[in-house]
Each structure stands twice: as structure tokens, then as C-alpha cells.
Amino acid sequence: MKRVFSPLGILSIVCLLLAMPLMVSAQAALPDDTTLVIGQSVDIASLEPSLVTSRQEANIFGHVFATLYEISEDGTLQPYLANSYSISEDGLEWTFTLNEGLTCQDGEALTAEDVAYTFQRAANPDNAFTGNTVGFVMPGVGYVDARADSELEVTIVMDERQSEPLRLGLLSEVYIHCKDSYEAMTLEEAATTPIGSGPYRVVEWVRDDYVLIEKVADFTLRESGFERIYWRVIPEASTRVAELIAGNVDIIANVPPDQIEAVNNSGTAEVQAVQGTRRMYVGFSQRDIWEGEGAEAIRNPAVRRALQYAVDVPTICQQLLGVECTRAASMVNDPNSNPNLTPYPYDPAEAERLLDEAGYPRGEDGWRFDITFQGPRGRYLNDAAVVQAIGQYLTDVGINVTVEILDWTSEYLPAVREHNVGPMFFLGTGGATWSALYDMTDIREPQGGTNYTEWNNADWFAGWERLANITDPAQEQEVINEMLQIMYDDSPWLFLYFQPDFYGVSNRINWQARRDEQVIVYNATLAE
Amino acid sequence: METQLEHSEKTQPPPVPVAIGRPPQASAWRRARHSLLRARWPIVAIIILLIATLFAVFGPQVSPKDPNRQNLMLRLTAPFTRDEAGAMDFPLGTDALGRDVLSRLIYGARVSLAVGVTAVVIGGFLGTSLGMMAGYFGGKIDDMIMRIADIQLAFPFILLTIMVLVVLGPGVVNLVLVLGIGQWVTYARIARGQTISHREKEYVEAARCIGARHWQIMFKSIFPNIVAPLIVIASFNVASVILAEASLSFLGLGVPPTVPTWGGMLAESRDQLLGGSWWLAVFPGLAIMLTVLALNILGDWVRDFLDPRLRGVGF
Amino acid sequence: MAKYLVRRLLQSVVVILGVTLLSFLTLHLAGDPTYLYVSERATQEEIDQTRALLGFDRPLPEQYLRFVVRLAQGDMGNSLRARTPALPLVMERLPATLELTIFAMVISTLLAIPIGIISAVNRGTALDGGVMLFAMFGQSVPSFWLGIMLILFVGLSLRWLPISGQVPVLVPLLQGDLMTAAENFPQAFRHLILPGLTIGVFSLSRNARLVRSSMLEVLAQDYVVTARSKGLRERTVILRHALRNALIPVITMIGLEFGFLLSGVVVAETVFSWPGVGRLVFNAITQRDIPLVQAAVVTFSFIFVLLNLLIDLLYVQLDPRVQLK
């Protein structure tokens, strides 16, 4: 058979065509000196400030919109749009005084009327908002109404007295926007063309690709570094890390622990590990829907206490999270926790002794009791691995654990919301450094939404009663300490750790990661 | 979807049944043996599949360790590492939780193959039955079944899979069911076409005359004569289901991580790749590749052997 | 012809409605998705309120009927997450996905044809063996894995091609902005290669094998033998006579290919941060953004139906023996 050259010819031409772009420009354009690029795992859903629900959204909105007060880098509350506030005698009316000469990004003056409007617009049922402001802040502070008292004074009315930092911190999550501009827009328009009040304005949003924001020249409340910030959406962790190492992205969150070394060895970027505020724990569900020996066993505080000794938290941190960690001794972040509490040590022998004592000796088959332990995947740092590791430790002290790992969005989250995870379950809830009560609000009522274990300890809830009538911070801390001691002893949670966060940061820039999972970058600068 | 490819029937004689009536068993076997010995690759493929099947069946007996036993202090041990005593405790290394990769591979064969085979059996059974019904009865039944097939074809399969797994939750049973149901259209279309061409054959007429029931005619008379192309499709399909399982694991919709599967191991390994733990990706990757390769080679051979005219069916 | 087209279109409407019903039922299988729309600390009262707002408190048949009635009016409803009309969200992302699928289809057919022919013509040689072995491997690699490997080696280690992201070329083209389209083209092309390969390699391998085997079959047929014996050049025989017939099974494949490529798209768009419909609809499914999922599903099935109609018409061109009925 004769050789045929034609197909070969076609093939080589196609290959040549494919290779051409390789030769044309071997290097992709790296970000220039006035541009900062951040890689996030998910896109924003909307540019409507009253629809913000996720951390990634809040990161972008925090640059486009300003708030009354803000939570600063060191975790304290600082004035921002407002310069001060006062509280009425009964604690129900909070009056904020705004700075002078504020404007929104369309040039409209930002006054007390606009702040009141922000709250009223968010609360308006016709708008059907489901974001943090309506879903979390307003019920959290007991919002009733807002009114403008004068040009610069705005009063927010609440339905009961509440701890000062807690309320101020919550109110600091409301993104203020201007009345005239937002009244002129339909909800659909507002969802795509925001008119901000912060140091950056939105230039372009290409869905699932990036949000580009640029510096507002006449914003005076703070000094910003980069002219433009790209918030790129890069869902796959390996791709994010590859882009960071290649120098195309400056900051990424959630570097997988096993890739930290690769980033640090790259010469182009380094990983910053920060002690986060999210409290990771194993919950012992007290609900009576659970049947079986295991569910019965963990209704006994002695068993729960025993299990505190069974899990080697420091090793889990070191091996699976890639960082040394201090084990949590309470549900409250430092520096607000009870300083006298020491974390339970890893002591499997002690765990076994206490379990024997509590009436659950090993049976002939080596098991003390059977129990199901549920955990999510795809939500927390290395969650599936941590859950499986905890399962192994519990197995080692003679508990016949069935580990069930469920997908976060489709399975775990709905079950968590219904308090249907358990009898043992793995969870982490966001915390704060500016108020112990913020952290403790998780267990505010026996059947409350976030009291996922439905722990119902009379002494603990009596503590909340007492707190309602205390205004003195020192006295408040005293009650808090007592309550944390009760929780430590009764152990509705198996305390694990405060989740560390890993940020990959390019050597091109100077930037310091924060503890509270917020990525705030207006203060980032180009490295020398 | 309505156009009939009439040319195939005009240019070539309609596909003759592989064997009219039943071929003498011995000669078929001999033919198979000869054909196999001539071509070397199918033998290699059969050996590979045999090993995988042995692992799958005798997993607990041959696995050196408990595949879920963790040891955090020994995590990410490289393969072929010897401890102080000179023993090679983890021949293929350990994973991110310090579990034995070799044992997980062996147990993984079990789930991966079971998922592949079961899904294909479900899809094949469903599709063949419906396709034969459509072809045999024709008329309204045919119209209805083929319309459903059109709907399924127009619905990107991956979206349906994701929807079912997201809504019902990922798990072995849901995975097998949805991957199986996703396959039925292919079988149905082929079974229908073949049944139509056999419906009016003499042996079917004969069966009808002696008063056989519809289902008897379908399954006893027609089915043996149309099974060849279905088997070819099935062997390719097992391969594609194994790949689909891997992709779904990547999207977080595979089998839960407490159950070792090859796809799941491969998907988990991506966090360790940049860190240099190559063995976590290479071994399950090789297992998947070899198995899929073997199934494809075998599929090719079965097709050529049973009926060379079926070339172009499947992949 | 016109009658045929009308009937086909009517059938398509039934098919598309069936598809929407199927996805509606699937998405509602596990109860209502209100939880995904309230904050972590929402109270029961707020959850109930939100449920009513989203319309999930109504009976399922009512919810579906409302959907169909609005669909007939050309209204797909608003995305629950984005709060803007669902269909434009899909349309906005469609060009990126089309770029990717068309590119993948082009490499998987254009490359497959010469490769298959070369293999067939050189049957039994080392070249043939090598190509076919490669094709076998191409059909055995999970696509996400191939994608990550390409990123790590071609993107990161060699720095030959961009790691992730997309540069639009179809959008400016459709808007009539030829300058931008031309300017973007080289970068756009560079960004397409890795994700395109990730999706296309499987089909490329399959099609190459398909072309090879159907070529071999055609080459053995009488008319080819006749053509050869007439003393025609081998080249002419193959390109003029054999190829035309060898392509028919490949074209059949392309029709089914679209749905198949789409499954690759979801994975490749995730790995390569490609802002396309695949990821949009994947996220919409996980968040149970039902109107958005429906809009995407309707779009996909519409494209699928249209594509198959085109392919059937193409048959008529390629093979005069095929008749429309």
C-alpha cells in the first residue's frame, strides 16, 4: 500500500495551529503594580447589600459599602461612618452620630436619613430579603425601627436591653446605602448596579468569573492601597494554589494544609497561618429522637466528660491541619473566655477508666456501646479527614462508632438546621473576639435555632437570666465565667479547636491576614 | 431522531443473527479460543480483569490490613518504605489519614467494580426490556417508550445525575441507581431496532403458531438472537460508569469517603499532589486506567468476534 | 420538508416539557430547600416566612403548573439566589460554554479524522499500534485528573499556557465588536487549549478509533476496490471515495456527543475556573435554585433538539439514500 501524505499533512497543520499561541506569547500578563488579585472559591450571588449571606460576599461588600462601626484588625470595635453613639436610659434606643461630609458613590450626601432608610429597606417585607441583615442582625439585636433625628443623628430602636459590644458588633454588619439612589432603582437593578458608600466602587461583575472594584478617589475615612482589586472566582483548591504560585493571584484563602509546603517553597508566595475564631466541636445531641445504647450513654454527663479525654486534638491539628494548636476549653474565643479553664488533655486511659466508672465497661466483643457520628464534607478545613480521625480515636477507647460523612449543602446543612444530626455530630460555628456573649449566643434557649444539641441545663440558662440585668462589664464577665465552668463540667460539646485559617499571600505584596475569616485588603500595599 | 438510516439496510444485508438456532457449544468455544490466541491483547485484558475481580471478591481475605484503620503519625508514608526492623509495612504507602493504600486499593476494586457492573446490569435490563417491548409491540407502546427515550436523551445525563445525587444524597445505592437508569436509552434503542428486524422472522412465526405467549417469544426466541450487540455495549459501559464514578467523586458527589473506591481515592489525592505524595494519585489512577483499558480492549474483541459488522456500535 | 420540520418542532415541545417535569420532580424529591436561603442563626419564624416568600409552601402540582403557564409566556421566573430573571443568567454564560464545547468538538473531530485515516492506512504498523494505544489511554483517564495534571505540568511547571480563566471572544463577536474579538483571540485561544483538551481527549480517542475502523471497513468494499483498479491515485481513492462514507458513523456520534461533552464541561469548568453554564447549573442545583436550573435545562435540551435536527438534515446531504419521513 502506498503511503498517503495528505492526512499527515492535515495533522501537522492542525498541530502547528495548536502550537502557535505557545510561541506567540509564552508568558501570560501578570497583574500590574496598581492591581491586586484575590482568588475566592465561590462567586457572589448578587450585588444587593441586603442579600449578603456568605463570607466571600461579605469580603467584597466590606470594600464597597461602609458600616456605622467596624470590627478592626485587632478584633475591637472602631468608629467608621459614625463617630460615636449614645444609649437611652432603658437601653432600647441607640443614637449614632455620623461624621460630617459623607457621600455615597453617586455623589449624594450620606446623612442620618440614609442610615434609617437602610434599616427600613432591609426590614421591609415587600422586598423579601433573606440576607444576614434581616436573617441574623435584626433578630439578633431585637430591631424595631430606625429614625433620623437630625442631619447627623440616627436612632435605632430595639425591643430589649442587650450587652453593648454584642449589639454594636452586630450593627456593624449592616451595609449603609443612600436613600435617593436606592429608591430610584428596582430590586433587579439594585442587584446588579450597587451604589456604594465605601472606599471602592464596583466597576464590573462577570458572573462566575470576577468582580472588579476600583478606588473611590474622594473617600476620606480611610486610605486605600491598590487602585483596582480583582476578586476572581476559582472553585478548585489546587487551581487556586497553582495560580498563586504562578504569580497570577496575590491572595487566596483556605490553602489545603498539605499544600502549604509547596507554596512556601515556591519563592513567589508564602502561607500565613492565623488562629481563627470558628469553634469546632463534637456535639452530643440530647434530643429524645435518638434511640439505642449510645444515644442513652451520651445523655449521661459522666460519659460526655470521659470522651473529652479520648480525642488527641493536638495531633489532629498537627497532622491534619498542619499547625500546632491549643485545644479549646470553652465555646468562647480568647481573650473573653474563663481563664481558669484548662483544656481536657488527651488521656485514653483516663477516658477508659471514667467510662468504666460511668457504667459502660467493655463487653465481651470489646465494645462499650454503639453510636453514630455524623460529619460534613466540603465545609470546614479538612473536615472529612478530621471527622474520620475522631472516629478512630473513639474506636480506640472501645466505642463502636459508625462514621457517616454527608455532603454539606445538600445533606448536612438541612439536617443541622432541623437539629437532626447526631447522636454525635461534628460542627463549627463562627465566633468573635469582641464579645463573649456573641460566642455564647449559640446556646441561648433550650430549643433555640443554634442550640443544635438541645442541651438543657438549668444552671446555664439561669445564667442568661442574670446577664439580662447586668450592665457592668466586670460583673458580666463573672457570670460568663461561671456559665463556662458549668458547660465545661457538663460537656454538651466535646471541645476541639478554633479553626486555623491559611492564607496564601504573594511576596509581591504586604498584607496581614485577620483572625475573623474576613479578607480586608484596602490596607494591602506593594512590597518594596 | 425520526430519520431512519435506511441505507444500512439497503447496502448491507440485514444483520444476520449471530447464529441461527443455537450453535453447537463446542465449536463456539473453539472459535473463541482461537480468536483469543491470535490476538494477544484480549488475553492481557482478561488477566487484568480477572485479577481485579479476584480482589473484589476475596478482598477481605487478601487485603493485608483494615482499609479504614488510621494512624495519623504514619500518614503519607512513601511506598516501599522500610521501617527500622526492615519490614515493609505499607508496600504502596499510606494516605492522608495514615491508612494503607494497598488495602484500600483492594477494597476499592470491590466497590468500583460492583458499582460499574450493577449499574450496567440495571440499565441493560431496563433498556433491553423496554426496547424489546417497543420493537415487538410497536404502535402506541413504541411511541410512548421512544418519546420517553427522547426526553432522557435531551436531558443532559450529567445534570440528572447531579440533581438526583444532590437531592437524595450521594451514596452507593443512589449512585448505582442513577448511573444505571442513565444508561437505559442506549440499550433500548438497539434492542428495539434488533427486535423489529427479528419480529417477522420465521422462527418467531413458528413460536407464535405453537401458541407461545408474548413474553416467551420475546425472551426465549428473540432475546438470544439480539444479545450480541448488547453485550458489546455493556462491556464499554462498565468502563464509562467507572469513569463517571471518579468524576462524581471529584464533584463531591461520589461514595462517602469512609468507603474506599478508586475514584474517591483519586479525587482525594488532589490536595496532596503539590505536596509531592504522588503515590496517592498514581496507584488508584493506574487501577482505573488498567481496568477501563482492559474493558475497552475486551469490548473491541467481543464485538469483532461476535459480529464484525457491529463496528461503530458503542465506542 | 416544511411539514416534516413542523412535526419535529411539535415533538420537541413535548420533549422539552418532559425534561422540565423530570427536573422539577427530581429537585423536589427531598422536601423544600428553604434552609439554603436563611442565615445560620435564623429562627423558625423567619424560616417559615422565607418559605412562603419563595413559594415552597404551595402544593407541588400548583408550583409546576405555575411554572408551565409562565414558560408558555416566555417567562422562566427569577433566580432565587440572584433575584434577577433566570434565562438571561444562562444566556450570559452560554457563550463561554459554547466556546469550550465547540473547541473540544473541533479538536475531537478535526484531529480524529486525520489520525484515524493515518492509522487505518498504516494498519498493523507500529504507528497504528502506537496511535491506537494512545487512543485507548485517552479513553481511560478521568477528565478531572487529566485537567489537574495539565494545570500542574503545562500550566505551572512549564508555564506554556494559562492555568485558569477565560478571555471572551464569542461575546464581542456577537455584539459586533470585531476589533475586540480579534484582539482577544490569541489570548482566548491560549486559555481554551487546556480545558478543551481535558474535555476533548476522550471523544478524540473514541472518534479516532471510530474513523479508523469504519475506514478499514469502507476500504475493503467493492467500490473502493473498483476505484483503485481504475488506477486512481491512492489519495483520491481515500479522500474522494472512502472518507465520505467513513464519516457517517462519526457524524451520528456528534449528535450524541453534545450531551456527553456537557458532562465534561461541568468538571472542566470547575477545574479551570471557566465561567460557563456548566458551573452555573451545578451551583444552581446544589443551592436548589429551581428557576435557574429549569432555565438551564430548557436551554440545553433546546440546543440538543436543534443540533439533532441539523444532523439529520446533514445526513441527507451526505448520503442521498437517506430520506426524511
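Here is a quick tour of a predicted model, taking in one whole chain, one interface and a few residues worth a click. Chain C is all about helices, with 12 of them and 0 strands. Chains A and B meet over a buried area of about 2100 Å². After that come some close-ups in chains A and B.

**Chain C as a whole**

- Reading from the N terminus, the elements of chain C go α-α-α-α-α-α-α-α-α-α-α-α.
- If you want a bounding box for chain C, its C-alpha atoms fill roughly 85 × 55 × 40 Å along the principal axes.
- Chain C has 325 residues, and 61% of them count as buried.
- Take the contacts in chain C with a separation of 6 or more: 76% of them are between residues 24 or more positions apart.
- The accessible surface of chain C adds up to about 13100 Å², and carbon and sulfur atoms hold 67% of that.
- On the charge side, chain C carries 27 positive and 21 negative side chains. The centres of those two sets sit 11 Å apart.

**Where chains A and B meet**

- Each partner brings its share of residues to the contact: 25 from chain A and 25 from chain B.
- Of the roughly 2100 Å² buried between chain A and chain B, carbon and sulfur atoms give 51%.
- On the chain A side, the residues that lose the most area to chain B are Asp258(A), Arg377(A) and Gln388(A), which together make up 28% of what that side buries.

**Gln272(A), a glutamine in a strand**

- You'll find Gln272(A) in strand β12 of chain A, which spans residues 269–284.
- Gln272(A) counts as buried because its relative accessibility is 17%, and the cut-off for buried is under 20%.
- Its side chain has polar partners in the backbone: a polar atom of the Gln272(A) side chain lies 2.7 Å from the backbone oxygen of Trp511(A), and the side chain also reaches the backbone nitrogen of Ala513(A) at 2.8 Å.
- Leaving out residues up to four places away in sequence, Gln272(A) touches Asp501(A), Phe502(A), Tyr503(A), Val505(A), Trp511(A), Gln512(A) and Ala513(A).

**Helix α11 of chain A**

- Helix α11 of chain A covers residues 301–308, and its buried residues are Val303(A), Arg304(A), Ala306(A), Leu307(A) and Gln308(A).
- Some helix geometry to keep in mind: with 3.6 residues a turn, residues three or four places apart point the same way.
- At the start of α11(A), a side-chain oxygen of Asn300(A) comes within 2.9 Å of the backbone nitrogen of Ala302(A).

**Met331(A), a methionine in a loop**

- Met331(A) belongs to the loop between α12 (313–321) and α13 (348–357) of chain A.
- Loop or not, Met331(A) is buried, with a relative accessible area of 0%.
- Not counting residues up to four places away in sequence, the contacts of Met331(A) include Trp460(A), Trp493(A) and Phe495(A). Among the others are Met440(A), Ile443(A), Leu484(A) and Met487(A), along with Arg279(A), Asp439(A) and Asp442(A).
- For a sense of scale, Met331(A) and Glu151(A) are 180 residues apart in sequence and 42 Å apart in space, C-alpha to C-alpha.

**Gln152(B), a glutamine in a helix**

- Over in chain B, Gln152(B) sits in helix α5, residues 139–154.
- Gln152(B) is buried, at 11% relative accessible area.
- The side chains of Gln152(B) and Trp184(B) share a polar contact of 2.7 Å.
- Setting aside neighbours within four places in sequence, Gln152(B) is in contact with Leu160(B), Ile181(B), Gly182(B), Trp184(B) and Val185(B).

Terms used:
Residues are numbered from 1 along each chain as its sequence is written. Chains are lettered from A and ligands numbered from 1 in the order in which they are written. This is a predicted model: local features need pLDDT of at least 70, side-chain atom pairs count only at pLDDT 80 or more; totals for chains, interfaces and linings use all residues. Side-chain values use heavy atoms; hydrogens and water are left out. Helices (H or I, at least four residues) and strands (E, at least two) are DSSP runs, numbered from the N terminus. Buried means under 20% relative accessible area, exposed over 50%, partly exposed in between (1.4 Å probe, protein chains only). Contact means heavy atoms within 4.5 Å. Accessible areas come from the Shrake-Rupley method with a 1.4 Å probe; for residues, only the protein chains shown count as cover. Lys and Arg count as positive and Asp and Glu as negative; His and the chain ends are not counted. The place of a charge is taken as NZ of Lys, CZ of Arg, CG of Asp or CD of Glu. A polar contact is a pair of N or O atoms within 3.5 Å; within protein, one must be able to donate a hydrogen and the other to accept it, and residues adjacent in sequence count only if both atoms are side-chain atoms. Buried area is the accessible area (1.4 Å probe) that two parts lose on being put together, summed over both.
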